[in-house]
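Subject: The structure, and some notes to go with it

Hi there,

Here is the structure I promised to pass on. Have a look at it first, and then read on for what turned up.

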Amino acid sequence: QVQLVEAGGGLVQAGGSLRLSCAASGSILSYDDMGWYRQAPGKERELVATITLSGMTNYADSVKGRFTISGDNAKNMVFLQMNSMKPEDTAIYYCNTKVRLPLTLRGRTFWGQGTQVTVSS
């Protein structure tokens with residue numbers, strides 16, 4: 001199977017920055033896409049940003065211009081640089097991947113355990 005381990009969460013003041021990282025390990029050889037989702041208390045989990053193997057990115061409107069997603073295909077890692085952070089960015093951030101290879105896992109999605117991000121006003 002596939003394990004995703006996130007790192008980099010924490011407490012930051014409004015206007016500050018944090019960088020999240022996520023490493024995929026286990027049976028994964030490559031991914032179709034990797035991404036970040038977040039869930040605030042009492043709210044549904046929502047997409048933050050995704051990146052495909054070819055480098056195409058997609059962002060939620062609420063983070064465009066402030067967050068940047070990047071990936072390291074060779075290491076099956078994804079990063080999220082978060083700048084100009086706002087209190088409404090406070091949430092648990094989850095890493096997600098959709099497997100490309102091996103063929104036995106193609107199309108399967110996996111989630112990390114989540115990392116808390118708190119932005120104080």
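Below are notes on the whole chain, followed by a few residues taken one at a time.

Please keep in mind as you read that this is a predicted model.

**The chain as a whole**

The secondary structure is made up of 11 strands and 0 helices, so by the DSSP assignment used to find helices and strands, the pattern along the sequence is β-β-β-β-β-β-β-β-β-β-β. For overall dimensions, the C-alpha trace spans about 45 × 25 × 20 Å along its principal axes. The radius of gyration is 14 Å, which agrees with the value near 14 Å that a compact globule of 121 residues would have.

Of the 121 residues, 43% are buried. If you take the contacts with a separation of 6 or more, 57% of them are between residues 24 or more positions apart. The chain exposes about 6200 Å², and 50% of that comes from carbon and sulfur atoms. On charge, there are 12 positive and 9 negative side chains, with the centres of the two sets 4 Å apart.

**Arg38**

You may want to look at this residue with its side chain shown. Arg38 sits in strand β4, which covers residues 30–39. Is Arg38 buried or exposed? Arg38 counts as buried, because its relative accessibility is 5% and the cut-off for buried is under 20%.

Two polar contacts of the Arg38 side chain are worth finding on your screen. One joins the side chains of Arg38 and Tyr93, at 2.9 Å. Another runs from the side chain of Arg38 to the side chain of Ser62, at 3.4 Å. Tyr93 and Ser62 also appear among the residues in contact with Arg38 once neighbours within four places in sequence are set aside. That list includes Glu44, Glu46, Glu88 and Asp89, as well as Arg45, Val48, Val63 and Phe67.

**Ser30 and Gly35**

Ser30 lies in strand β4 too. With a relative accessible area of 13%, Ser30 is buried. Which residues does Ser30 touch, not counting those up to four places away in sequence? They are Asn76, Val99, Arg100 and Leu101.

Gly35 is another residue of strand β4. Gly35 is buried, with a relative accessible area of 0%. Leaving aside neighbours within four places in sequence, Gly35 is in contact with Ala49, Thr50, Ile69, Tyr94, Cys95 and Asn96. If you would like a distance to check in your viewer, Gly35 and Asn58 are 9.0 Å apart from C-alpha to C-alpha, with their positions 23 residues apart in sequence.

**Pro87**

The last residue on my list is in a loop. Pro87 lies between β8 (77–82) and β9 (91–101). Pro87 counts as partly exposed because its relative accessibility is 34%, and partly exposed residues fall between the 20% and 50% cut-offs. Not counting residues up to four places away in sequence, Pro87 touches Ala14, Val119 and Ser121. Pro87 and Gly35 are 21 Å apart in space, C-alpha to C-alpha, and 52 residues apart in sequence.

That is everything I have for now. Happy browsing!

Best wishes

Conventions: Residues numbered from 1 in each chain as written. Predicted model: local features only at pLDDT ≥ 70, side-chain atom pairs only at ≥ 80, totals over all residues. Heavy atoms only, no water. Helix = DSSP H or I, 4+ residues; strand = E, 2+ residues; numbered from the N terminus. Buried < 20%, exposed > 50% of the residue type's maximum accessible area, 1.4 Å probe, protein only. Polar contact = N/O pair within 3.5 Å; in protein donor to acceptor, adjacent residues only side chain to side chain. Contact = heavy atoms within 4.5 Å. Rg over C-alpha atoms; globule rule 2.2 N^0.38 Å. Areas by Shrake-Rupley, 256 points an atom, 1.4 Å probe, with all protein chains shown as cover. Lys, Arg positive; Asp, Glu negative; His and termini not counted. Charge placed at Lys NZ, Arg CZ, Asp CG, Glu CD.
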